[in-house]
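Please work through the following exercises with the sequence and the model side by side. Each task is followed by a solution that goes step by step.

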Amino acid sequence: MMVTVLTGCGQEADQGARQSAQAAQDELLLQRASERLIADFSKELKTELLSALNRGGPATAVEVCHSLAPQIAAGYSGKGISIVRVTNRPRNADNLAGPEQMAILTQFADTAEGYRPSIAAWSDDDSGKAYRFYKPIRIMELCIKCHGDKTTFGPELTGILNEKYPDDSAVGYRPGELRGMFVVSIRWPEGRMAAEQLADRSP
Ligand code: HEC
């Protein structure tokens with residue numbers, strides 16, 4: 001996109017405007033890349049879950065839910081991009097949202113203002129500058145099998161969950177409820193190339 005800056009204020013103002021136009025373009029790229037990554041992740045998770053449930057029942061499917069996220073994230077390690085799922089009611093305690101994440105998650109909870117599709121923010125700390133993109137995860141019919149009413153679970157699933165997740169808080173959900181959120185983190189500018197590849201990927 002061409003941005004024409006009409007200003008009589010000389011070079012400095014011109015440069016400032018160019019920089020903010022560039023920053024806006026970068027943010028658009030980062031948002032597109034984040035949305036793409038989350039969409040691909042969700043699609044793969046659903047496909048894998050369904051085929052695992054058909055193939056091997058809940059035992060196999062539980063393993064999919066456990067290992068798929070780290071597998072997908074591993075594909076981007078070293079390229080400056082990470083993706084995780086966090087929640088206020090974890091099955092796996094490793095997925096408990098931190099204090100800052102909890103504050104974002106609260107904003108996705110159903111409120112009088114309604115439903116926010118996503119939140120983007122920049123962070124700048126000891127590990128460098130990063131773009132963060134948060135998107136809510138909601139419960140669908142498929143998820144109820146393992147995150148719904150415990151009394152509807154078969155003995156096999158109940159056994160595995162009790163064994164692997166004795167402190168499970170991720171049950172009792174109903175369709176539409178907020179389950180947690182995706183957190184995409186793109187280190188900047190290190191993650192630019194991987195972000196461009198993601199943004200160009202066709203749906
Ligand atoms: C076959 C059972 C099963 C189904 C179906 C299932 N999950 Fe899970 N889910 C799990 C297991 C097991 C974990 C714990 C994974 C781990 O150890 O990291 C989990 C973890 C999660 C987490 C990470 C947070 C946490 O509590 O540890 C989210 C978010 C999540 N599931 C969302 C969903 C959504 C959304 C669906 C529907 C699309 C879904 N799950 C369907 C079994 C399932």
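**Exercise 1: the strands around strand 4**

Pro 136 stands opposite Met 181 in strand 4. The model is a predicted one, in which local features need pLDDT of at least 70 and side-chain atom pairs count only at pLDDT 80 or more, while totals for chains, interfaces and linings use all residues. Residues are numbered from 1 along each chain as its sequence is written, and side-chain values use heavy atoms, with hydrogens and water left out.

Task: determine which strands pair with strand 4, in which sense and over how many bridges.

Solution. Helices (H or I, at least four residues) and strands (E, at least two) are DSSP runs numbered from the N terminus, and two strands pair if DSSP finds at least two bridges between them. Strand 3 (residues 128-138) is antiparallel to strand 4, with nine bridges. Strand 1 (residues 81-86) also pairs with strand 4 in the antiparallel sense, over six bridges, and here Ile 83 has Val 184 as its bridge partner. Strand 4 itself (residues 178-187) is mostly covered, since nine of its 10 residues are buried, where buried means under 20% relative accessible area, exposed over 50%, and partly exposed in between (1.4 Å probe, protein chains only).

**Exercise 2: Ser 34 in helix 1**

Task: establish whether Ser 34 is buried or exposed, and which residues it is in contact with beyond its neighbours in sequence.

Solution. Ser 34 belongs to helix 1 (residues 10-56), and its relative accessible area of 0% makes it buried. Its side chain reaches the backbone oxygen of Leu 30 at 2.7 Å. Once neighbours within four places in sequence are set aside, the contacts of Ser 34 (heavy atoms within 4.5 Å) are Tyr 131, Phe 133, Val 184 and Ile 186.

**Exercise 3: the two faces of helix 5**

Task: find which residues of helix 5 are buried, and explain why they line one face of the helix.

Solution. In helix 5 (residues 155-164), the buried residues are Leu 157, Ile 160 and Leu 161. Seen down the axis of helix 5, these residues fall within an arc of 95° (taken from the directions from the helix axis to the C-beta atoms), so they line one face. The face turned away from the buried side carries the exposed residues Pro 155 and Glu 163. Among the elements that cover the buried residues of helix 5 are helix 2 (58-74) and helix 4 (141-147).

**Exercise 4: the ligand and its iron atom**

Task: identify which residues come nearest to the ligand, and which protein atom is the donor to the iron atom.

Solution. Of the 22 residues around the ligand (a residue is near if one of its heavy atoms lies within 4 Å), His 66, Cys 143, Cys 146, His 147 and Tyr 165 come nearest. A polar side-chain atom of His 66 is 2.6 Å from an oxygen atom of the ligand, and an N or O atom in the side chain of Tyr 165 is likewise 2.6 Å from a ligand oxygen atom. His 147, which is found in helix 4, places a polar side-chain atom 2.9 Å from a nitrogen atom of the ligand. The iron atom has a single donor from the protein, NE2 of His 147, at 2.2 Å; donors are N, O and S atoms within 2.8 Å of the metal (3.2 Å for Na, K and Ca), and water is not among the atoms, so sites may look incomplete.

Definitions and conventions
Polar contact = N/O pair within 3.5 Å; in protein donor to acceptor, adjacent residues only side chain to side chain.
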